[in-house]
Amino acid sequence: MISIYLHQNGSTQRVEQLDPAWLAAGDNTSVWVDLSQPTAEEARILSDTFHFHELAIEDAIAEIQHPKVESYGDHLYVVLHGIDFRARQHYFRTQDVDFFLGTRYLVTVHPGISRSIGKINELCPRDSRLLGEGPAALMHRIIDAMVDNYRPEVDKLDDRLDELEKDVFAGTKQHLARRILDFKRDVASLRRVVQPQRDVVGRLARREFPFISESLSYRYRDVYDHLVRLSEEATFLQDRVTSLLDAHLSAVSNQLNSVMKVLTVISTVFMPLTFITSLYGMNVTLPLFGVREPTFFWALFAAMLSISAVMLVFFRRRGWL
């Protein structure tokens with residue numbers, strides 16, 4: 001789906017078709033083109049109308065790309081990641097949002113529903129300042145909204161980690177190792193996305209490109225600070241979940257050692273008993289007791305009990321029980 005917004009003569013309106021003449025108009029004209037889940041026919045606007053580089057178009061159409069910023073002379077190509085709210089699984093997932101920023105236009109491409117862009121879509125016709133401040137300022141608003149959406153998701157990760165810690169130390173839940181590894185994958189995904197985005201926004205804040213004015217660089221610097229904090233929290237979560245996994249494995253190992261110690265004691269106690277019963281179970285006449293002696297069984301049973309008692313007392317004094 002294509003949404004086209006035109007800001008001209010102080011007002012913003014949504015239009016059905018894009019006039020290429022608008023891209024070369026004066027200072028009072030700005031265009032925003034949003035492509036949501038574009039078809040092959042809709043995506044042709046990137047090459048036929050805007051004449052973007054074929055490699056940038058290929059990356060924009062691809063579903064997953066690494067966050068980056070590239071200059072193509074007359075425009076910037078920026079790839080960032082927004083929260084994927086379509087994901088029903090309780091996992092951290094993101095989706096690409098591609099930006100083509102020029103002097104008079106902004107083109108956004110995303111494979112699914114973007115809540116940040118959807119909110120700007122609703123406000124743009126009602127508030128002429130959004131596009132009236134220029135395409136670079138509009139891109140900042142979208143990026144700022146995308147970064148703000150990370151906060152509740154990171155808080156959810158923190159709450160999940162608190163629950164995991166309680167379950168690990170309580171030792172009452174099953175499949176804890178799998179849950180911890182799933183959470184570790186989510187945190188790794190967060191770090192893999194946030195840290196490159198921090199570097200991309202940092203380049204925009206440092207005014208490496210002429211499309212970003214000095215006043216806008218301060219706004220991008222604020223977004224950069226948010227990403228720095230998110231990156232630090234992601235690192236902290238990674239350290240916590242790694243320590244939690246080590247604690248869980250240690251608890252499982254200690255539990256296994258306790259079980260093995262009990263089984264070893266039981267096996268050790270039964271070793272002399274097995275020897276005695278097998279010895280007197282042979283079909284030969286043995287000393288000390290005649291095979292027909294009526295008290296033989298009870299004497300042998302008493303000897304076995306005595307041996308077991310002595311061994312258990314010895315194990316207890318040594319601290320093995």
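Me: Hi! Are helix 3 and helix 5 parallel or oblique to each other?

Reply: Hello! In this predicted model, the axes of helix 3 and helix 5 cross at roughly 135 degrees, and the two helices are therefore oblique to each other.

Me: Thanks! Within what distance do the axes of helix 3 and helix 5 come?

Reply: The two axes come within 8 Å. The crossing of helix 3 and helix 5 is right-handed.

Me: And which residues make that contact?

Reply: From helix 3 you have Ser116, Ile117 and Ile120, and from helix 5 there are Leu138, Arg141, Ile142, Ala145 and Met146. Sorted by class, that contact has 6 nonpolar residues, 1 polar and 1 charged.

Me: Nice. Switching to helix 6 and helix 7: at what angle do they pack?

Reply: Helix 6, residues 150-170, packs on helix 7 at about 155 degrees, and their axes are 11 Å apart. Since angles over 145 degrees count as roughly antiparallel, helix 6 is roughly antiparallel to helix 7.

Me: Is the crossing of helix 6 and helix 7 left-handed or right-handed?

Reply: Helix 6 passes helix 7 in a left-handed crossing.

Me: Which residues of helix 6 and helix 7 meet?

Reply: Quite a list, so here are some of them. On the helix 6 side they include Tyr150, Val154, Leu157 and Leu161. On the helix 7 side, Phe183, Leu190, Val194 and Gln197 are among them. In the contact of helix 6 with helix 7, 12 residues are nonpolar, 4 are charged and 1 is polar.

Me: What about helix 5 and helix 6: at what angle do their axes cross?

Reply: Their axes cross at roughly 15 degrees and come within 5 Å. Helix 5 and helix 6 are therefore roughly parallel to each other. Met146, Val147 and Asp148 of helix 5 make the contact with Tyr150, Arg151 and Pro152 of helix 6. By class, this contact has 4 nonpolar residues and 2 charged ones, with no polar residues.

Me: Now for empty space. How many cavities of 30 Å³ or more does the structure hold?

Reply: There are 2 cavities of 30 Å³ or more. The largest cavity holds about 60 Å³ of space, and the second largest has a volume of about 40 Å³.

Me: Which residues lie nearest the centre of the largest one?

Reply: Those are Gly82, Ile83, Ser114, Ser116 and Met146, out of 10 residues that line the largest cavity. Two of these names came up earlier: Ser116 and Met146 also belong to the contact between helix 3 and helix 5.

Me: Which elements each supply at least two residues of that lining?

Reply: Strand 5 (76-83), strand 6 (94-101) and helix 3 (115-123) do. The lining of the largest cavity divides into 4 nonpolar residues, 5 polar and 1 charged.

Me: And which residues line the second largest cavity?

Reply: Leu80, His81, Ile143, Met146, Val147, Tyr150, Gln197, Val201 and Leu227 line the second largest cavity. Strand 5, helix 5 (135-148) and helix 7 (176-205) each give two or more residues to that lining.

Me: Which element gives the largest share there?

Reply: Helix 5 does, with 3 residues.

Me: What classes are the residues in the lining of that second largest cavity?

Reply: In the lining of the second largest cavity, 7 residues are nonpolar and 2 are polar, and there are no charged residues. Met146, Val147 and Tyr150 line the second largest cavity, and these residues also take part in the contact of helix 5 with helix 6.

Terms used: Residues are numbered from 1 along each chain as its sequence is written. This is a predicted model: local features need pLDDT of at least 70, side-chain atom pairs count only at pLDDT 80 or more; totals for chains, interfaces and linings use all residues. Side-chain values use heavy atoms; hydrogens and water are left out. On a 1 Å grid over the protein atoms alone, a cavity is a set of points where a 1.4 Å probe fits but cannot get out, and a pocket is an open set with protein on both sides within 12 Å along at least five of seven lines; lining residues have an atom within 4 Å of a point. Grid points are joined across faces, edges and corners, and a volume is the space filled by probe spheres set on the points. Helices (H or I, at least four residues) and strands (E, at least two) are DSSP runs, numbered from the N terminus. Ala, Val, Leu, Ile, Met, Phe, Trp, Tyr, Cys and Pro count as nonpolar, Asp, Glu, Lys and Arg as charged, and the others, Gly among them, as polar. Axes are lines fitted to C-alpha atoms, for helices over the stretch in contact, and angles run from 0 to 180 degrees between N-to-C directions. Angles under 35 degrees count as roughly parallel, over 145 as roughly antiparallel, 65 to 115 as roughly perpendicular and the rest as oblique. A crossing is left-handed if the near helix is turned anticlockwise from the far one by less than a right angle, and right-handed if clockwise. Contact means heavy atoms within 4.5 Å.
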